[in-house]
Amino acid sequence: MDSPFSISDDKKTGFVIAQKEYFEQECVMRTIGLYVDSFFINFYPHDEFSIKIEINNKNKEEITTDFLKGFMNNLIDTQIRLDVEKEFSAIRDKIVSQAFLSATKK
C-alpha cells in the first residue's frame, strides 16, 4: 500500500490522503480547525474513496513527514471522539436531564 503522506519537492507543501471510509467530513473539518492559525489548508477529492488534504505552513517553514503523521494522528483521535460521542450521547443526555431534574425539585 502507498503511503498516505507526501511532500512537495520544495518541502513547502505536505499532502495527506484520508480514506472516506474511516474519516467523516466533520472529523476532517474539526481537525483542520486545530491547524488554521499556523497553516493554509485545502482539501479536495483525491478519488472516489478518499480526499487529499494539502497543508502549507504560513511562516514558509518546511513540512516534515513527522508533522504529517501527527496530523493523521489528530484525524484518528478526532474520529474516535466523534464515534464515542455518537455512541454515548443518549446516555449522556439522560444523565444530564436526570441531574437537572433533581436540581429543579429542590
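Two strands count as paired if DSSP finds at least two bridges between them. With that in hand, let us walk through this predicted model, starting with its sheet.

**The sheet**

Four strands make up an open sheet in the order 1-2-4-3, and the pairing is antiparallel. Strand 1 and strand 3 (39–47) are the edge strands, each pairing on one side only. From one strand to the next, the twist averages 20 degrees.

The table lists the strand pairs, with their bridges and an example of facing residues.

| Strand pair | Direction | Bridges | Facing residues |
|---|---|---|---|
| Strand 1 (residues 5–7) and strand 2 | antiparallel | 3 bridges | Ile7 opposite Gly14 |
| Strand 2 and strand 4 (residues 50–57) | antiparallel | 7 bridges | Ala18 opposite Ile51 |
| Strand 3 and strand 4 | antiparallel | 8 bridges | Tyr44 opposite Lys52 |

Strand 2 (residues 13–19) deserves a second look: 6 of its 7 residues are buried, leaving the strand mostly covered. Strand 1 and strand 2 form a hairpin with 5 residues between the strands, and Lys11 takes a positive phi near 60 degrees there.

**The aromatic residues**

Next come the rings. A pair of aromatic rings is described by the distance of the centres and the angle of the planes. Rings pair if their centres lie within 6.5 Å, and planes over 60 degrees apart count as edge-to-face. The count by this rule comes to 4 aromatic pairs. One of them joins Tyr35 and Phe39: the ring centres are 6.1 Å apart and the planes stand at 65 degrees, so this pair is edge-to-face. Tyr35 and Phe67 also form an edge-to-face pair, at 5.7 Å centre to centre with 90 degrees between the planes. This second pair links distant parts of the chain, since Tyr35 sits in the loop between helix 1 (25–33) and strand 3 while Phe67 belongs to helix 2, 32 residues apart.

Are Tyr35 and Phe39 buried or exposed? Tyr35 has a relative accessible area of 12% and is therefore buried. Phe39 is buried too, with a relative accessible area of 12%. Together with Phe67 and Phe71, Tyr35 and Phe39 form one aromatic cluster.

**A nonpolar patch on the surface**

Finally, which residues make the nonpolar surface patch? Ile76, Ile80, Val84, Phe88, Ile91 and Ile95 do, and the patch covers about 540 Å². Phe88 is placed in helix 2 (residues 65–105). With a relative accessible area of 40%, Phe88 is partly exposed.

Definitions and conventions
Residues are numbered from 1 along each chain as its sequence is written. This is a predicted model: local features need pLDDT of at least 70, side-chain atom pairs count only at pLDDT 80 or more; totals for chains, interfaces and linings use all residues. Side-chain values use heavy atoms; hydrogens and water are left out. Patches are made of residues with over 30% relative accessible area and no salt bridge: like charges are joined within 9 Å, nonpolar side chains (Val, Leu, Ile, Met, Phe, Trp, Tyr) within 5 Å. Accessible areas come from the Shrake-Rupley method with a 1.4 Å probe; for residues, only the protein chains shown count as cover. A salt bridge is a side-chain nitrogen of Lys or Arg within 4 Å of a carboxyl oxygen of Asp or Glu. Helices (H or I, at least four residues) and strands (E, at least two) are DSSP runs, numbered from the N terminus. Buried means under 20% relative accessible area, exposed over 50%, partly exposed in between (1.4 Å probe, protein chains only). Axes are lines fitted to C-alpha atoms, for helices over the stretch in contact, and angles run from 0 to 180 degrees between N-to-C directions. Rings of Phe, Tyr and Trp (its six-membered ring) pair if their centres lie within 6.5 Å; planes under 30 degrees apart count as stacked, over 60 as edge-to-face and the rest as tilted.
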